[in-house]
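Hello,

Please find the structure below. My notes come after it.

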Amino acid sequence: MLKNLRESLRNAPIIKRGSYNYFIHPISDGVPVVRPELLREVIACIVKNANVDVDKIVTIEAMGLPLGSALSQITDIPFIIIRKRKYELPGEIAVHQATGYSKGELYLNGIDKGDRVLIVDDVISTGGTMLATLKALEMAGATVKDIIVVIERGDGKKEIIDMGYDIKTLIKIDVDENGVKVLECIDGEC
Ligand SMILES: O=P(O)(O)OC[C@H]1O[C@H](OP(=O)(O)OP(=O)(O)O)[C@H](O)[C@@H]1O
Ligand code: HPA
């Protein structure tokens, strides 16, 4: 089921961002080109595995966007984009985000107290972005029913599980300066 994802990840180039080995891939960067068969395969796998009995889908700028948008079209559930830009709307919630190579602020709008949500993102690595997202959603009074992330690297997922949340990832990889190694897939075909 995840043939395109697996094969494209095995060929992903690596760059250094400080000491962080950063893989470049269409799902995580939109670069060099997002092929429809890849995105279709990823979205089908998300629909198959995620709990979509929710009021809203929550994604994170920038690369949660193609995922949230396609998923919303298929499920007819509205989606929210947590932005890196401040809007100063009433009730806007700001939280701090730290990844393995960057730091910044995230801004949440559009959640009503009691909303049941599914979080969707492209990558989990240190877990810093997911922690910030969960904090913002907690402050907004949302109930997180499920979390689904396409690509897992590093130990971030464990931290989220330790906090008591359900989180699924479609594919688990290891990254070093030589490239990407595929370790595990949710379809069991790796
Ligand atoms: O688990 P972490 O270490 O936090 O890494 C994961 C986050 O890193 C990337 O976001 P980034 O802030 O680089 O934004 P982008 O989507 O614009 O690439 C990715 O989209 C995840 O949101
Ligand atoms: O290595 C990476 N590549 C793309 N996106 C990412 N988000 C966290 N780590 C990475």
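What follows is a summary of what was found in this predicted model.

**The sheet**

The model has an open sheet of six strands, and the pairing in it is mixed. Read across the sheet, the order is β4-β3-β7-β8-β9-β10. Strands β4 (79–82) and β10 (179–185) are at the edges, each with a pairing partner on one side only. On average, neighbouring strands are turned by 25° against each other, direction ignored. As a general reminder, strands of a sheet pair through backbone hydrogen bonds, either parallel or antiparallel.

Both kinds of pairing can be followed from β9. Strand β8 (residues 143–152) and strand β9 (residues 168–176) run parallel and are joined by four bridges. In that pair, I148 stands opposite K168 of β9, and V149 stands opposite T169 of β9.

How do β9 and β10 run, and how many bridges join them? They run antiparallel, with six bridges between them. Here I171 faces C185 of β10, while I173 has V182 of β10 as its bridge partner. The two strands make a hairpin, with two residues between β9 and β10.

**Helices**

Helix α4 (residues 65–75) packs on the sheet, where it touches β3 (56–60), β4 and β7 (116–124). The direction of α4 makes about 165° with that of β3. Angles over 145 degrees count as roughly antiparallel, so α4 is roughly antiparallel to β3.

A helix pair is also worth a look. Two packed helices are described by the angle between their axes and the distance between the axes. For helix α1 (residues 3–10) and helix α3 (residues 36–49), the angle is about 120° and the axes are 8 Å apart. That angle makes α1 oblique to α3. On the α1 side the contact is made by N4, L5 and S8, which meet E37, L38, E41 and V42 in α3. By class, this contact of α1 with α3 has three nonpolar, two polar and two charged residues.

**Ligand surroundings**

There are two ligands to check.

Ligand 1 is surrounded by 16 residues, and the closest are A62, M63, S125, T126 and T129. Which element gives the largest share of this shell? That is β7, with four residues. Both β7 and α5 (128–140) supply at least two residues each to the shell around ligand 1. By class, the shell around ligand 1 has five nonpolar, nine polar and two charged residues.

Around ligand 2 are Y22, F23, S28, D29, T99, V123 and S125. The elements giving two or more residues to the shell around ligand 2 are β2 (20–23) and α2 (26–29). This shell divides into three nonpolar, three polar and one charged residues. S125 is listed for both ligands: it is among the closest residues to ligand 1 and is one of the residues around ligand 2.

**Backbone points**

Some places in the backbone deserve a check in the viewer.

- V31 and P32 are joined by a cis peptide bond, with omega about 0°. P32 is in the loop between α2 and α3.
- E61 and A62 are also joined by a cis peptide bond, with omega about -5°. A62 lies in the loop between β3 and α4, and A62 is also among the closest residues to ligand 1.
- D76 is not a glycine, yet D76 has a positive phi of about 65°. D76 is found in the loop between α4 and β4.

**Annotation**

The UniProt record, an unreviewed entry, places the feature "domain: Phosphoribosyltransferase" at residues 39–180. In the model, the end C-alpha atoms of residues 39–180 lie 19 Å apart. The span is 30% helix and 36% strand.

Regards

Notes
Residues numbered from 1 in each chain as written. Chains lettered and ligands numbered in written order. Predicted model: local features only at pLDDT ≥ 70, side-chain atom pairs only at ≥ 80, totals over all residues. Pairing = 2+ DSSP bridges. Axes fitted to C-alpha atoms, helices over the stretch in contact; angles between N-to-C directions. Contact = placed C-beta atoms within 7 Å. Near = placed C-beta within 6 Å. Nonpolar A, V, L, I, M, F, W, Y, C, P; charged D, E, K, R; others polar. Parallel < 35°, antiparallel > 145°, perpendicular 65-115°, else oblique. UniProt positions renumbered as here; feature names shortened; annotations may be inferred.
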